Amino acid sequence: MTRNDWLLLGVLSLLWGGSFLFAEIALTGLPVLTIVWGRVALAALILGLVLAVTRVGLPPRRAWPALLVMGLFNNALPFTLLVTAQGQITGALASVLNATTPLFTLMVAHLATRDERITAAKAAGIGLGFAGVVVLLAGEGLGGEAVAMGACLAAALSYGIAGVWGRRFRAMGIAPLATAFGQVVASSLLLLPVWLVADSPWTLGWPGKGPVLAVIALAGLSTALAYLIYFRLLARAGATNLSLVTFLIPVSASLMGWMVLDERLEPAQLAGLALILAGLAVIDGRLFRRRAAEV
């Protein structure tokens, strides 16, 4: 990767890591579904404007059923689970648990496809990663924090399903930007009736400037801009190099939580993070291939 690619990768990790911070700020004045619907609806508006300016075509009608599934598993469900969990745990811890997404993606791909099988090395990486999850969950019992951590793992599983499901859009010949727009539109439509019933937004008072700006940041920075950078990096650096962002997001989220909200990861949480990242490194394999080449 070039220096500019590394810079974009760092920016992407800050944008996605920042989503955990923005969610915590938004929760100080807004209910969960209002935050999530505001995020996807505003992101749809922004990406729609980008599509119009760049003259990228809209997704074809035949793609919308698949986009509804993508919007459910890549946006509506995991966003809701993560923001709900952050009512009980810190954004830093939520980001650590969210780093298990590649582990779930591997397992879903193994079950759902014929070309993505779990090798012995990948199985070892999955084992290390889930050992980290066990360390994180140890001692929590059945309290609210354990339930919230379970919600984060469910969100990671949802992302894993979306990662496998999303492969069909390239075969359909749909531009990545159009796919991003389609899924946030789909998730906005899926969440709209639930949001109206659950939050009765017309009864909500003014939440304050901070929560409103946090939702705007979630939509504009952590969703719309992040998608634009993601697809640019995907085209320039490839999916394998782009996967490195998985290692950076928990670090970015933890640093921002510490600097802004004075949050800290406990020793057991740091140990769990270390095991999860070690598992991801084993699955990724590049570090070990490089060392083998040097010997």
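The legends below describe close-up views of a predicted model.

**View 1. Helix α2 and its buried residues.** Helix α2 covers residues 32-54, 23 residues in total. From its first C-alpha to its last, α2 reaches 33 Å, close to the 33 Å expected at 1.5 Å a residue. The buried residues of α2 are Leu33, Thr34, Ile35, Val36, Gly38, Arg39, Val40, Ala43, Ala44, Leu47, Val50 and Leu51. An α-helix has 3.6 residues a turn, so residues three or four places apart point the same way. Just after α2 comes arginine 55, with a positive phi of about 60°.

**View 2. Two arginines placed over aromatic rings.** Arginine 39, one of the buried residues of α2, lies over the face of phenylalanine 79. The distance from arginine 39 to the ring centre is 3.8 Å. In the second case, arginine 168 lies over the face of tryptophan 165. Here the distance to the ring centre is 3.4 Å.

**View 3. An aromatic cluster with members in helices α1 and α10.** The whole structure holds 5 aromatic pairs. One of them joins tryptophan 16 and tyrosine 230, whose ring centres are 5.7 Å apart. Their planes make an angle of 50°, and the pair is tilted. Tryptophan 16 belongs to helix α1 (residues 3-26) and tyrosine 230 to helix α10 (residues 209-242), so named in order from the N terminus. The pair links distant parts of the chain, as its two residues are 214 residues apart. Tyrosine 230 also pairs with phenylalanine 231, in an edge-to-face arrangement. For that pair the centres are 5.1 Å apart and the planes are at 80°. Ring pairs link Trp16, Tyr227, Tyr230 and Phe231 into a cluster. Tyrosine 230 has a relative accessible area of 26%, so it counts as partly exposed.

**View 4. A nonpolar surface patch that includes residues of helix α11.** The patch is made by Val251, Leu255, Trp258, Met259, Val260 and Leu261, and has an area of about 570 Å². Methionine 259 is found in helix α11, which runs over residues 245-261. Its relative accessibility is 57%, and methionine 259 therefore counts as exposed. Leucine 261 is found in helix α11 too. With 35% relative accessibility, leucine 261 counts as partly exposed. Leucine 261 and glycine 91 are 170 residues apart in sequence, but their C-alpha atoms are 9.8 Å apart in space.

**View 5. The salt bridge between arginine 264 and aspartate 262.** The count for the model is 1 salt bridge. Arginine 264 and aspartate 262 form a salt bridge in which the closest N and O atoms are 2.8 Å apart. Arginine 264 has a relative accessible area of 52%, which is over 50%, so arginine 264 is exposed. Aspartate 262 lies in the loop between α11 and α12 (267-284). This aspartate 262 has a positive phi of about 60° although it is not a glycine.

**View 6. Serine 200 in the loop between α9 and α10.** Most residues other than glycine have a negative phi. Serine 200 has a positive phi of about 40°, although it is not a glycine. Serine 200 is placed in the loop that follows α9 (176-199) and comes before α10. The relative accessible area of serine 200 is 21%, and buried means under 20%, so serine 200 is partly exposed.

Conventions:
Residues are numbered from 1 along each chain as its sequence is written. This is a predicted model: local features need pLDDT of at least 70, side-chain atom pairs count only at pLDDT 80 or more; totals for chains, interfaces and linings use all residues. Side-chain values use heavy atoms; hydrogens and water are left out. Helices (H or I, at least four residues) and strands (E, at least two) are DSSP runs, numbered from the N terminus. The expected span of a helix is 1.5 Å times one less than its number of residues. Buried means under 20% relative accessible area, exposed over 50%, partly exposed in between (1.4 Å probe, protein chains only). Rings of Phe, Tyr and Trp (its six-membered ring) pair if their centres lie within 6.5 Å; planes under 30 degrees apart count as stacked, over 60 as edge-to-face and the rest as tilted. A charge sits over a ring if NZ of Lys or CZ of Arg is within 6 Å of the ring centre and within 35 degrees of the ring normal. Patches are made of residues with over 30% relative accessible area and no salt bridge: like charges are joined within 9 Å, nonpolar side chains (Val, Leu, Ile, Met, Phe, Trp, Tyr) within 5 Å. Accessible areas come from the Shrake-Rupley method with a 1.4 Å probe; for residues, only the protein chains shown count as cover. A salt bridge is a side-chain nitrogen of Lys or Arg within 4 Å of a carboxyl oxygen of Asp or Glu.
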